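Thanks for coming, everyone. I'll walk through one chain today, from the overall layout down to a few side chains. Here it is on the screen.

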Amino acid sequence: MFHRIIKPLKSNSFFIFGARGTGKSTFLQMFFKDGRILWFDLLDPKTEDLFLRNPAVLAEQAKAQIGSIDWIIIDEIQKQPKLLDVVHSLIESTPIKFSMTGSSARKLKKGGANLLAGRAFVNHLFSLTHVELGDSFDLGETLHWGTLPKIFHLKTEEEKHDYLTSYAQTYLKEEIWAEHIIRKLDPFRRFLEIAAQANG
């Protein structure tokens with residue numbers, strides 16, 4: 001487990017934006033390990049479906065637990081941006097604070113989502129830095145494999161290769177193609193390879 005240098009303020013609600021696999025959920029689990037929290041994971045199909053059908057359920061559950069919780073965490077908020085209107089109302093009307101993660105601030109902005117106008121501070125979590133890695137930092141390994149946290153839990157080069165291949169395919173499918181950022185996927189795949197070589 002690496003100590004992350006990001007330091008959100010616990011005095012205010014906040015967002016944490018970052019690419020998939022950078023450790024947003026893991027960070028919040030440690031950040032609130034002794035806190036009184038209610039956690040909603042929108043990657044869970046049942047939870048996502050619940051809020052898709054009725055966003056007001058969030059307000060009902062929050063108000064029912066006033067006094068017993070201090071924070072509500074909503075993981076992957078970009079999957080149900082309409083919840084942000086409910087969050088806005090709860091921030092104004094209750095003492096509960098919110099921590100929300102998302103892999104795509106762009107998707108929220110594009111969809112006209114309520115970004116809470118300063119009521120929730122914005123933080124960004126990136127791949128591990130050399131400061132966070134400390135003695136584990138190796139320039140050659142970093143240039144070769146990158147510094148996504150999961151890479152450091154994999155033992156063999158084959159595992160690392162397969163993980164990064166899967167990561168790139170998921171990125172292409174869910175962050176690029178699904179959001180219609182590009183019209184043709186194959187030329188973009190070739191561009192990614194050239195960009196990676198140029199960046200390396």
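Let's start with burial. The chain has 200 residues, and 38% of them count as buried. Keep in mind that this is a predicted model. The chain exposes about 12,000 Å². Carbon and sulfur atoms supply 55% of that area.

Now the layout. There are nine helices and five strands. From the N terminus, the order is β-α-β-α-α-β-α-β-α-β-α-α-α-α. Next, contacts. Take those with a separation of 6 or more: 70% of them come from residues 24 or more positions apart. One distance to look at is Val-131 to Arg-4. They are 127 residues apart along the chain, yet their C-alpha atoms are separated by 8.9 Å. Val-131 sits in helix α6, residues 130-133. Is Val-131 buried or exposed? Val-131 is exposed, because its relative accessible area is 52%, and the cut-off for exposed is over 50%.

On to the inside. In soluble globular proteins, nonpolar side chains tend to be buried together. Here the largest nonpolar core holds 25 residues. Which of them touch the most other members? They are Leu-58, Ile-72, Ile-74, Val-87, Phe-98, Met-100 and Leu-116. Six elements give two or more residues to this core: β1, β2, α3, β3, α4 and β4. Helix α4, residues 83-93, gives the most, with six residues. Apart from this core lies another one, of ten residues. Among its members are Phe-31, Phe-32, Ile-73 and Leu-125.

Zoom in on Phe-98. Leaving out residues up to four places away in sequence, Phe-98 touches several others, including Ser-13, Phe-14, Trp-71, Leu-90 and Ile-91.

Next, strand β2. Its side chains alternate. Leu-38 and Phe-40 point to one face and are buried. Ile-37, Trp-39 and Asp-41 point to the other face and are not buried. Strand β2 runs parallel to β3, and five bridges join them. Opposite Trp-39, in β3, stands Ile-73.

Last topic: aromatic rings. How many aromatic pairs does a search of the whole structure find? It finds ten. Let's take two of them.

The pair of Phe-2 and Phe-152 is edge-to-face, because the planes are at 70°. The ring centres are 5.5 Å apart. Phe-2 lies in the segment before β1, and Phe-152 lies in the loop between α7 and α8, so the pair ties together parts that are 150 residues apart in sequence. Phe-2 is partly exposed, at 22% relative accessible area. Phe-152 is partly exposed too, at 29%.

Now Phe-32 and Trp-71. Their ring centres are 4.9 Å apart and the planes are at 50°, so this pair is tilted. Phe-32 is in the loop between α1 and β2, while Trp-71 is in strand β3, so parts 39 residues apart in sequence are tied together. Phe-32 is buried, with a relative accessible area of 3%. Trp-71 is buried as well, at 6%.

These two rings belong to a cluster. Ring pairs link Phe-14, Phe-27, Phe-31, Phe-32 and Trp-71. And what lies over the face of Phe-31? That is Lys-10, at 4.6 Å from the ring centre.

That's the tour. Questions are welcome.

How values were computed: Residues numbered from 1 in each chain as written. Predicted model: local features only at pLDDT ≥ 70, side-chain atom pairs only at ≥ 80, totals over all residues. Heavy atoms only, no water. Helix = DSSP H or I, 4+ residues; strand = E, 2+ residues; numbered from the N terminus. Buried < 20%, exposed > 50% of the residue type's maximum accessible area, 1.4 Å probe, protein only. Contact = heavy atoms within 4.5 Å. Areas by Shrake-Rupley, 256 points an atom, 1.4 Å probe, with all protein chains shown as cover. Core = buried A, V, L, I, M, F, W, Y, C linked by side-chain atoms within 4.5 Å. Pairing = 2+ DSSP bridges. Phe/Tyr/Trp six-rings, centres within 6.5 Å; stacked < 30°, edge-to-face > 60°. Lys NZ or Arg CZ within 6 Å of the ring centre and 35° of its normal.
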